[in-house]
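Trainee: I would be grateful for a close look at a single part of this structure. Please take one element and describe its surroundings in detail.

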Amino acid sequence: ATLYGLADTIFKPYQQADLRRFIVTGDDVNLGDGATTGLAMVFHELATNAAKYGALSTAAGRVSVSWQREGDILAIRWQEDDGPPIQGPPEKQGFGSMVLRNTITRRLGGDLSSHWEKHGLIVDIALPASRLGD
């Protein structure tokens, strides 16, 4: 599997024929089974939350997903724009947020940070390249 292929599969249900809701950029990256499963869970959770509460819950909302290699790290950024204004982080973490954090930190050995900007959620993920293959 590749990162572009995975993103295309996960985000396809959210696309509209006349409007690109997701913008995906970055060089394609080959993924092993473990990384594919983990990143599928991460992208699915973020997309579901964006559809319920974030940028994809409004007609004009968009999500940009970009990634780039920075040495031995794959840096992924999820950025929502034009959704409902955000007042700050949620008061409590739900099950999905816990799964997201555990998948990134424990399963894939990476780091995750969330930024609750007024214009939309930004999530930065840093994954060791060594954890992306088989």
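Mentor: The account below concerns strand 5 and then turns to the helix and the aromatic pairs around the strands. The model is a predicted one.

Strand 5, residues 120-128, is mostly covered, with 8 of its 9 residues buried. Two strands pair with it. Strand 3 (residues 73-81) runs antiparallel to strand 5 over 7 bridges, and within this pairing I76 stands opposite I125. Strand 4 (residues 111-117) is likewise antiparallel to strand 5, over 7 bridges; here S114 has V123 as its bridge partner. A hairpin of 2 residues joins strand 4 to strand 5.

Strand 5 is also among the elements that cover the buried residues of helix 2, as are strand 3 and helix 3 (95-107). Helix 2 itself comprises residues 33-52 and reaches 28 Å from its first C-alpha to its last. Its buried residues include L39, V42, F43 and L46.

F43 also belongs to one aromatic cluster, together with F11, Y14, F22 and W78. W78 is buried, with a relative accessible area of 1%, and F22 is buried with a value of 1% as well. The ring centres of F22 and W78 lie 5.8 Å apart with the planes at 65°, so the pair is edge-to-face. This pair links distant parts of the chain, since F22 lies in strand 1 and W78 in strand 3, 56 residues apart.

Definitions and conventions:
Residues numbered from 1 in each chain as written. Predicted model: local features only at pLDDT ≥ 70, side-chain atom pairs only at ≥ 80, totals over all residues. Heavy atoms only, no water. Buried < 20%, exposed > 50% of the residue type's maximum accessible area, 1.4 Å probe, protein only. Helix = DSSP H or I, 4+ residues; strand = E, 2+ residues; numbered from the N terminus. Pairing = 2+ DSSP bridges. Expected span 1.5 Å × (residues − 1). Contact = heavy atoms within 4.5 Å. Phe/Tyr/Trp six-rings, centres within 6.5 Å; stacked < 30°, edge-to-face > 60°.
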